Amino acid sequence: YHLSLTSELVRNFPPFEPGSTGIVVQNYHYLANLAMADLVRVFFLPLIPTVYQYMPILLVGLLGFSAVTFAEVISAPRLYKYLLLFFIFFSGDVNYALTLITTGKLNFSVTGFDSAALLLTGPPRAFSLVIFLGLLSFVVLWLKRKNWLIGISVALLTASLVGFKIYTAVA
C-alpha cells in the first residue's frame with residue numbers, strides 16, 4: 001500500500017486511492033509517503049529502492065540520532081544513552097522471549113506496535129517516532145530557556161506530528 005501510495009504521490013497530488021479509479025485518498029495521514037515521493041521526484045531516485053532500502057536506513061539513523069540528542073538535552077549519563085538506544089531498537093523483540101517463557105511456545109504473531117522488527121513496515125509510524133523524540137528535545141529546551149522561537153518550533157513539530165501519525169501525537 002505504501003509503495004503504491006508513494007508512486008501515486010510522485011505522479012499526482014492529491015493522490016488517488018491505490019487500486020481504485022478516480023477515488024481521492026481521504027482520511028489518511030500520508031505525509032510520510034509524501035516525503036518519500038518528494039525525495040523520488042526532486043532527486044530522481046528510483047522508487048522501490050527509495051521506499052524499501054534508503055528510507056529505512058535513513059529513518060533508523062534519524063531515530064538513533066534523535067534519541068541521542070534527547071539524552072544530550074536532558075544531560076543524561078552515558079549509561080542512560082546506551083540503555084535508551086538499546087530499548088528503542090530492541091525492546092519490542094523481548095515479546096518473543098516473554099511469550100516463550102510464559103507459554104512454552106515461540107509465537108511470532110506480535111503486532112507492529114509491539115515489535116521493533118516491524119517498526120519500519122509502516123512509514124508514518126517510523127517518521128512520527130523521529131519527530132516525537134525531536135519534539136521532546138525541543139520541549140525540554142523550551143522549559144529551560146523560555147525562548148519564543150523554541151516555542152514556535154514546539155508548536156510546528158506538534159502539528160507535524162499530528163499530521164504524520166495521530167496515534168503517536170496522542171500518546
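**Close-up 1. H1 and H3 sit oblique to each other.** This is a predicted model, and the first view goes to the place where helix H1 (residues 2-11) packs on helix H3 (residues 47-73). The angle between the two is about 130 degrees, and their axes are 10 Å apart. Angles that are neither under 35, nor over 145, nor from 65 to 115 count as oblique, so that is the label for H1 and H3. As for handedness, H1 and H3 make a right-handed crossing. On the H1 side, the residues in contact are Leu3, Thr6, Ser7 and Val10, and H3 answers with Leu47, Ile48, Val51 and Tyr52. Sorted by class, this contact of H1 with H3 has 6 nonpolar residues, 2 polar ones and no charged ones.

**Close-up 2. A cis peptide bond leads into Pro14.** Here we look at the loop between H1 and helix H2 (31-43), which is where Pro14 is found. The bond to look for runs from Phe13 to Pro14: its omega is near 0 degrees, making it cis.

**Close-up 3. H2 crosses H3 with a right hand.** The axes of these two helices come within 10 Å, and the crossing angle is roughly 125 degrees. With that angle, H2 and H3 are therefore oblique to each other. H2 brings Met36, Leu39 and Val40 to the contact, while H3 brings Leu47, Thr50, Val51 and Met55. The tally for H2 with H3 is 6 nonpolar, 1 polar and no charged residues. Leu47 and Val51 may look familiar, since both also belong to the H3 side of the contact with H1.

**Close-up 4. H2 from end to end, with its buried residues.** How far should the 13 residues of H2 span at 1.5 Å a residue? The expected figure is 18 Å, and the end C-alpha atoms of H2 are indeed 18 Å apart, so the two agree. The buried residues of this helix are Ala32, Asn33, Leu34, Met36, Ala37 and Val40. Their cover includes H1, H3, H6 and H7. Two of these buried residues, Met36 and Val40, also turn up in the contact with H3.

**Close-up 5. Phe44 takes a positive phi just after H2.** Phe44 sits in the loop between H2 and H3. Its phi is near 55 degrees, a positive value in a residue that isn't glycine. Is Phe44 buried or exposed? Its relative accessibility is 73%, and anything over 50% is called exposed, so Phe44 counts as exposed.

**Close-up 6. Ser66 of H3 is tucked among residues from further along the chain.** Ser66 has its place in helix H3. With a relative accessible area of 9%, this serine is buried, because the limit for that word is under 20%. Leaving aside residues up to four places away in sequence, Ser66 touches Val130, Leu133, Gly134 and Ser137. One of these, Gly134, is also among the H6 residues that meet H7.

**Close-up 7. H6 and H7 run roughly antiparallel.** Helix H6 (residues 123-145) and helix H7 (148-164) pack at about 160 degrees, with axes 9 Å apart. Since angles over 145 degrees count that way, H6 and H7 are roughly antiparallel. H6 passes H7 in a left-handed crossing. Among the H6 residues in the contact are Pro124, Phe127, Ser128, Ile131, Phe132, Leu135, Phe138 and Trp142, and the H7 residues they meet include Ile150, Val154, Leu157, Ser160, Leu161 and Phe164. By class, the contact of H6 with H7 holds 14 nonpolar, 6 polar and 1 charged residues.

**Close-up 8. Ser128 on H6 and its partner Ser160.** Ser128 lies in helix H6. At 0% relative accessible area, Ser128 is buried. Ser128 and Ser160 are 32 residues apart in sequence, yet C-alpha to C-alpha they are 8.6 Å apart in space. Both serines belong to the contact between H6 and H7.

**Close-up 9. The end of H6, and Lys146 after it.** H6 has 23 residues and reaches 33 Å from its first C-alpha to its last, close to the 33 Å expected at 1.5 Å a residue. Next comes Lys146, with a positive phi near 55 degrees, again in a residue other than glycine. Lys146 lies in the loop between H6 and H7. At 53% relative accessibility, Lys146 counts as exposed.

Definitions and conventions. Residues numbered from 1 in each chain as written. Predicted model: local features only at pLDDT ≥ 70, side-chain atom pairs only at ≥ 80, totals over all residues. Heavy atoms only, no water. Helix = DSSP H or I, 4+ residues; strand = E, 2+ residues; numbered from the N terminus. Buried < 20%, exposed > 50% of the residue type's maximum accessible area, 1.4 Å probe, protein only. Axes fitted to C-alpha atoms, helices over the stretch in contact; angles between N-to-C directions. Left-handed = near helix turned anticlockwise from the far one by under 90°. Contact = heavy atoms within 4.5 Å. Nonpolar A, V, L, I, M, F, W, Y, C, P; charged D, E, K, R; others polar. Expected span 1.5 Å × (residues − 1).
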